[in-house]
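Me: Could you take a close look at a single part of this protein for me, and tell me how that part sits in the whole? I'm at the bench and would like one connected account.

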Amino acid sequence: MFRGHVSESLMSESWLSVSLPAAPSLAAGAGRAVLLDPDGVLHHLPAAAAAAHLRQWPPPLVVHAPATFRRLGLSGRLAFDLLELFAFVCPACPVAPTVRGLALALGEAAPAGLEAAAAALPRLASSLLHRLADARSLPANAEAAGLAALMGQAGWGWAPFVLAALDKPDAAAATEGLRVWRRLPEWEETAPPPKPSSHPLAASEARARLAQVLGEAAEPRPGQSDYAAAVSEAFAPREREGEPRFVLAEAGTGTGKTLGYIAPASLWAEKNQAPVWISTFTRHLQRQVESELAKLYPQQVERRRRAVVRKGRENYLCLLNFEEAVANATGRKGAALIPLGLVARWAEATADGDLHGGDLPGWLAELFGPALLSALADRRGECIHAACPHWRRCLIEHTIRRARTAGLVVANHALVMTQAAWGGPEEQAAPLRTVFDEGHHLFAAADAAFAVELSGTTMADLRRWLLGAEGGRSRARGLARRIEDLLGEAPEMHEALDRALAAARALPGPGWQARLMPPAATPRIFAPVPAEALLAAISAQVLARTAADSDAPEADLWPVSEELAQCGTALAGALSSLAAPLSQLAKGLSRRLAAEAETLEESLRLRIEAIARVLARRALAPLAAWREMLGHLSEPAPDPRRRSEQISFLRLERRDGAIRDAALLRHWLDPTIPFAATIVRSAHGLLVTSATLCDAGAPDPETAWRTAEVLTGAVHLARPAVRVSVHSPFDYQAQTRAFVVTDLAPGGIDSLAAAYRALFLAAGGGALGLFTAISRLRAVYPLLAPALEEAGIPLYAQHVDPMDNATLVEIFRTEEESCLLGTDAMRDGVDIPGRALRLVVFEKVPWARPDILHRERRRHLSDGDPQAYDERMARLRLRQAFGRLIRTASDRGIFVLLDRRTPSRLYPAFPAGVAVHRAGLAEVAAEVRHFLGPRISTSTP
């Protein structure tokens, strides 16, 4: 242990002018800590000694308490977390949850190293309290004192210091600060938008709009202008029904693709008074598109009017759920008041109420647990629409109404496809023009959107939606409480409701997971709950036909066991008994709408419309699909050698060694077929774009483009797609190096960790380690972290650190000398320019998972060459991973693949000019050290 007084350069006297906790400051690495005690003495401590010292003093000042204590092997400790204070003082403001990130957000000097980080914490706390004091007279802080006092009663340590900054040290606790639903603005109805025009868009107009957005001082990028001109073809008038203008555009990294399509899209929207939807696959890119819109619309008011981000309802704060949570917390006066107080502060400042990926910090759920935000969103389709007392202030309804009049709507592939399957967005016509960025993910997105799952989870969710929470405290009101007052005096409607609720008990009941496998693994064909009998039969068939140690066991549906067939027949009958009265209710509500169209109040009409729509989507549609799937169980097995349009199979979900769910699944062999039928043919124009649409390893360009057309659905159209290709402006030969390590034996975790350690240390941080399996990532992390931390390189990891992906990426971007381990989500859509990312290390070739879906697709969609099919998928994944490395013309980076079995046929995944060198680990580490140059340490935990 080292002790020493903090130097004047590390701690100034200015922070002493406000009231701060008489507490130590703690900055932690993996198994080690620096502690600044209340007397100003610095202690360098191993984890065990840090725990002993912490017991001597009040809770310490920290940034991100769960992550800090986890690094020391501690848990359940109290702390003065500066992130909580930041969330109260600066709601809806972005910050990376590290000491360096907090300093940068506050405009303070960024500390370097653990010692400077610990010394900076009092100064940063003081800065936050000064900001609050300066803003105490603003309307946004009118309820702040009463709210802070209330949070103080619940145990919030910052409360007395916040009250002192507000100059109200004796303020009484008040719940009004929590009741944000009373202060949020109401939305107003507007006239329906006019019918859209079909004015064409010239390529020269697209170039001119792009130049206007970029400004005269922008660096010339001819490729970006050429791209904008070429993709404007997607905005030409449609000539025949069912034949949209379809443009496939591959734009190399660095082209400026996002602004390249925003320019013509925004201009077309203005000329034709119609929206263009921009769809992304990842949240990372959705945020990037949103940030680029600020260049098009610099004024926030105009940007809010002209552009909107749309997500599913489950992503937004539900004010009714929030009111219920507040009522429960205030009644108990429990610790839940603390996070609810911070959410209340955010709710008054938020731009759109998005709980996931918006302006609510992702780390808030990490500080207080994921259940907090999950309970505040409508994740189970329980919205009561116009019957809600907060409907006029609803954050979701605000967004939906803004989307009706906005020119650009930024969404995601899942939302666009799901809404198309239902006939269009909520209360809005389907868009005529859509841009699908990250177009290489369209196949996977369509696969998820148009698949059908009959599982314990999906059936139990439907039961809960119909019956409400059985024996628990929840706002899950059930169907009866939602619609009983809408049924009027018609006795047949009330009878139908009773029959539906009784039939719902055929679905899995509370505690169904404990009954998933009956004694001796024998399905209970005549169990009182038909759905639970089916789940047990699925489990028995899968376990009988797969290896016992499989992490995600699955089996072919055919041949169907006798038990499964009998259980399927029984459940199909039970589902029919449920669907019939629900269908009667839906038809009865529709008849009432027609019969009382002229007399119904608007709120009542909207409620009936909403419940009829939700009944169809939430219950009738899945019930119909499930019954169809179950009907196939009694049919003869199909010939496995013949192509079938759909693939049915069984899967179990296993967690912590136990089976948690069983499912009967149905996927389209080619999911672009329903994608083309529901979205493509009804559109007037589509742009599908990506940096990796085509496979550079194809025999010739025509084959590469033809494969891209197959994977995006363009092949199903009568009108051929327009092909656009713009090469990357980067000099990859000069800016990058690529290596395959040849002396690393496959399978060994110790040697794999040693390879990552050598390469990460050689790069001095700024490294992204990619894994194909979560289990290997978790096994490598504890072997890698101590050595990196000893070298002053913080290591973060997806599936290890208690942080969501967005938080981890933000930390990695901010901490230039840190390293990050991740899986697929980190491979795609992450934009980290500069030195923060200078090395990408992939543990092995990312071959497709050899599951049943892949087996059938490689057999029937590979044109008779399954090996080429596998290699094409691997090349596209490697190309995406390599694309993370170079984001600007000044970046330099190295890509390393730790798989000596890598075939040279995969090398075309790398850009032209990049030679792949095969070498031993020591040689590769030396090349990394030489090419990336000396490290300039600026990081802090």
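Reply: Happy to. Strand 7, covering residues 245–251, pairs with strand 16 in the parallel sense, and 6 bridges link the two. One of the pairings to look for on your screen is Glu250 of strand 7 with Ser690, its bridge partner in strand 16. Please keep in mind that this is a predicted model.

Strand 16 has another neighbour too. Strand 11, residues 433–436, runs parallel to strand 16 and is joined to it by 4 bridges. Here you can find Thr434 standing opposite Leu686 of strand 16. Strand 16 thus has parallel pairings with strand 7 and with strand 11.

Now for the surroundings of strand 16 itself. The strand spans residues 685–690, and because 6 of its 6 residues are buried, it is largely enclosed by the rest of the structure. In a regular strand, side chains alternate between the two faces of the sheet. In strand 16, Gly685, Leu687 and Thr689 point one way, while Leu686, Val688 and Ser690 point the other way. The residues on both sides are buried, so the two residues picked out above, Leu686 and Ser690, are covered as well.

Stepping back, the protein chain around this strand holds 35 helices and 24 strands. Its radius of gyration is 29 Å, close to the 30 Å that the globule rule gives for 941 residues, so the chain is as compact as a globular protein of that length. Along the principal axes, the C-alpha atoms fill a box of roughly 80 × 70 × 70 Å. Of the 941 residues, 56% are buried. Among contacts with a separation of 6 or more, 76% are between residues 24 or more positions apart. On the outside, the chain exposes about 37800 Å², with carbon and sulfur atoms supplying 52% of that area.

One more point, in case you are wondering about cysteines: the structure holds 0 disulfides. A disulfide is a covalent bond between the sulfur atoms of two cysteines. Take Cys90 as an example: the closest cysteine sulfur to its own is that of Cys93, 5.1 Å away, which is too far for a bond, since the cut-off is within 2.5 Å. Looking from the other side, Cys93 has its closest cysteine sulfur in Cys90. As for their surroundings, Cys90 is buried, with a relative accessible area of 11%, whereas Cys93 counts as partly exposed at 32%.

Key. Residues are numbered from 1 along each chain as its sequence is written. Side-chain values use heavy atoms; hydrogens and water are left out. Buried means under 20% relative accessible area, exposed over 50%, partly exposed in between (1.4 Å probe, protein chains only). Two strands pair if DSSP finds at least two bridges between them. The radius of gyration is taken over C-alpha atoms; the globule rule is 2.2 Å times the number of residues to the power 0.38. Contact means heavy atoms within 4.5 Å. Accessible areas come from the Shrake-Rupley method with a 1.4 Å probe; for residues, only the protein chains shown count as cover.
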